[in-house]
Amino acid sequence: MSTEVIKRKNKDRGAILAFVGPLAVWMLLFLALPLVYVIFISFMKKGTYGGVQLAFTLENYALFLDPTYIKVIWKSIVLAFWTSLICLLISYPFSYVLMRKISAKKRGICVLLIMLPFWISELIRLNGWSNILRDSGLLNTLLMKLHLISKPLTMMYTDGATLFGMVYALFPFMVLPLNNSIGKLDSTLIEASHDLGASKMRTFFRVILPLTVPGIFAGTIQVFIPSLGAFYIADVMGGGNSTLLGNLIKDHFLTARNWPAGAALSVILIIFTLILLKVYTKFGSLSDL
């Protein structure tokens with residue numbers, strides 16, 4: 001091998017390291033190492049005054065056999081399911097009309113309006129809804145002035161309020177994958193279905209819906225998984241009355257100072273996420289996420 005070829009390869013290798021190196025260091029320091037640390041302390045014992053005691057144990061994972069924890073985890077899964085389902089039922093017709101019936105110029109404006117709330121802190125937006133929905137809030141005040149109700153309606157600090165907050169906060173995560181999937185629909189297949197005598201309903205269930213399954217699964221995963229860990233939504237909208245898996249993890253780390261137990265809950269959530277991603281690969285590509 002000539003000297004020039006060796007120099008060229010070394011130069012190419014140096015260029016690659018220059019581009020990939022900083023990202024690799026960043027991922028190692030702020031993703032891989034913290035993840036390894038969380039997994040490590042999940043098998044340790046809680047210290048007498050908090051912190052971590054270097055003594056191996058499986059007690060932290062045994063918490064999942066406790067009926068109280070099982071109830072909270074099941075409640076979190078049910079809430080995440082309903083959040084995903086409601087987001088899907090709202091987003092699918094919205095995305096279909098947006099991608100198939102509206103011009104490209106207007107479509108861009110609509111997508112911008114969907115993303116616009118992300119420019120404002122989610123906590124600020126959720127507290128804004130709290131001011132609207134609470135007993136002395138804007139909505140109850142208006143309804144009472146119109147004599148439609150005699151006393152304030154309880155709309156805040158319930159599981160229903162938490163569900164509303166989840167749907168409000170995570171709705172865009174369902175819309176964007178659906179936009180991508182519906183935008184890729186082949187119009188000729190829909191036209192062929194109509195030409196062969198299929199009704200609009202039959203065309204939807206036999207042609208359109210199967211072709212958009214990857215977008216449905218992508219959106220569902222992007223809504224379902226954050227729903228399990230979005231403790232701040234339950235805190236603001238549920239007022240502490242809705243204890244979910246994310247709240248358990250937060251309370252173990254910050255209140256009970258039981259880091260090993262909080263780490264074990266976090267590891268289980270990570271494993272559950274990986275299982276969902278594995279299931280998704282049967283229907284679509286991870287790159288679509």
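## Exercises on salt bridges, helix packing and loops

K250 forms a salt bridge with D251, and the closest N and O atoms of this pair are 3.8 Å apart; the term stands for a side-chain nitrogen of Lys or Arg within 4 Å of a carboxyl oxygen of Asp or Glu. The model is predicted, so that local features need a pLDDT of at least 70 and side-chain atom pairs count only at pLDDT 80 or more, while totals for chains, interfaces and linings use all residues. Residues are numbered from 1 along each chain as its sequence is written, and side-chain values use heavy atoms, with hydrogens and water left out.

**Exercise 1.** Find which residues are linked with K250 in a network of salt bridges, and state how far each of them is exposed.

*Solution.* Begin with the second partner of K250, which is D235, whose side chain meets that of K250 at 2.8 Å, N to O. K250 belongs to helix α12 (residues 245-254) and D235 to helix α11 (residues 231-238), so this salt bridge ties together parts that are 15 residues apart in sequence. Helices here are DSSP runs of H or I with at least four residues, numbered from the N terminus. Adding D251, we obtain a network of salt bridges that links D235, K250 and D251. Finally, consider accessibility, where buried means under 20% relative accessible area, exposed means over 50%, and partly exposed lies in between, with a 1.4 Å probe and protein chains only. D235 is partly exposed at 28%, D251 is partly exposed at 30%, and K250 is partly exposed at 21%.

**Exercise 2.** Decide whether E122 and R125 are buried or exposed, and explain how their positions in helix α5 are related.

*Solution.* The side chains of E122 and R125 meet in a salt bridge of 3.6 Å, N to O. Both residues lie in helix α5 (residues 122-133), and because they are 3 residues apart there, about one helical turn separates them. Both E122 and R125 are buried. As a check on the total, a search of the whole structure finds 4 salt bridges.

**Exercise 3.** Describe how helices α3 and α10 cross, and which classes of residue make up their contact.

*Solution.* First take the axes, which are lines fitted to C-alpha atoms over the stretch in contact, with angles from 0 to 180 degrees between N-to-C directions. The axes of α3 (residues 67-101) and α10 (residues 213-229) come within 9 Å and cross at roughly 140°. Angles under 35 degrees count as roughly parallel, over 145 as roughly antiparallel, 65 to 115 as roughly perpendicular and the rest as oblique; α3 and α10 are therefore oblique to each other. Next, list the residues in contact, that is, with heavy atoms within 4.5 Å: among them are I77, F81 and L88 of α3 and I216, V223 and F224 of α10. By class, this contact has 10 nonpolar, 5 polar and no charged residues, where Ala, Val, Leu, Ile, Met, Phe, Trp, Tyr, Cys and Pro count as nonpolar, Asp, Glu, Lys and Arg as charged, and the others, Gly among them, as polar.

**Exercise 4.** Locate Y157 and R257 and give the sign of phi for Y157 and for R257.

*Solution.* Most residues other than glycine have a negative phi. Y157, however, has a positive phi of about 60° although it is not a glycine, and this residue lies in the loop between α6 (138-145) and α7 (159-183). R257 also has a positive phi, near 55°, and is found in the loop between α12 and α13 (259-280).

Notes: Helices (H or I, at least four residues) and strands (E, at least two) are DSSP runs, numbered from the N terminus.
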